[in-house]
Amino acid sequence: MQSSLGIFVGERVIKYAKISKEKNNNFKLDAHGVIFPEGDITDEINKIIIETASTRVPISINVENEQYSHFDVFGLLDE
């Protein structure tokens with residue numbers, strides 16, 4: 001069964017959800033929650049990973065106000 005953990009880090013909130021894909025192509029929500037961290041955000045994320053047993057699954061972390069830029073690195077190379 002394939003699983004992944006998604007984490008959103010906001011200014012004063014951390015939201016997370018762990019989903020898994022079953023053999024019949026259905027998705028199952030294994031764990032979810034919202035945390036209002038008072039201490040170190042890294043410690044809170046580590047607690048989420050341990051709590052959801054996600055040490056060996058892909059983890060996607062999105063941060064609020066993050067900017068993404070698309071670059072076509074190989075587009076300007078000559079053949």
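# Reading a predicted sheet and its helix

The protein contains one helix and four strands, where helices (H or I, at least four residues) and strands (E, at least two) are DSSP runs numbered from the N terminus. The model is predicted, so that local features need pLDDT of at least 70 and side-chain atom pairs count only at pLDDT 80 or more, while totals for chains, interfaces and linings use all residues. Residues are numbered from 1 along each chain as its sequence is written, and side-chain values use heavy atoms, with hydrogens and water left out.

Biologist: In what order do the elements of the protein run from the N terminus on?

Modeller: The elements to be placed are one helix and four strands. Read from the N terminus on, their order is β-β-β-α-β.

Biologist: Which strands are the edge strands of the sheet?

Modeller: The four strands form an open sheet with mixed pairing, in the order β3-β2-β1-β4, and two strands pair if DSSP finds at least two bridges between them. An edge strand here pairs on one side only, and this holds for β3 (27–35) and β4 (59–63).

Biologist: Over how many bridges do strand β2 and β3 pair?

Modeller: Strand β2 covers residues 14–21, and its pairing with β3 is in the antiparallel sense. One of the bridges joins K15 to its partner V34 in β3. The number of bridges over which β2 and β3 pair is eight.

Biologist: Why does N25 count as exposed?

Modeller: N25 has its place in the loop between β2 and β3, and its phi is near 65 degrees, a positive value in a residue other than glycine. Buried means under 20% relative accessible area, exposed over 50%, and partly exposed in between (1.4 Å probe, protein chains only). N25 counts as exposed because its relative accessibility is 52%.

Biologist: What is the relative accessible area of A53?

Modeller: A53 is found in the loop between α1 (41–51) and β4, and although it is not a glycine, it has a positive phi of about 55 degrees. A53 is exposed, and its relative accessible area is 55%.

Biologist: Which side chain meets that of K47 in a salt bridge?

Modeller: A salt bridge is a side-chain nitrogen of Lys or Arg within 4 Å of a carboxyl oxygen of Asp or Glu, and by this rule the count comes to two. One of them joins R12 and E11 (3.8 Å, N to O), and both of these residues are exposed. In helix α1, K47 and its partner lie three residues apart, about one turn of the helix, and the side chain that K47 meets, at 3.8 Å from N to O, is that of E44.

Biologist: Is E44 buried or exposed?

Modeller: Its partner K47 counts as exposed, at 51% relative accessibility. E44 has a relative accessible area of 14%, and therefore E44 is buried.

Biologist: What is the nearest side chain of opposite charge to K18?

Modeller: K18 is found in strand β2, and its contacts (heavy atoms within 4.5 Å), not counting residues up to four places away in sequence, include S3, L29, D30 and A53. Lys and Arg count as positive and Asp and Glu as negative, while His and the chain ends are not counted. K18 is buried yet has no salt bridge, and the nearest side chain of opposite charge, 5.1 Å away, is D30.
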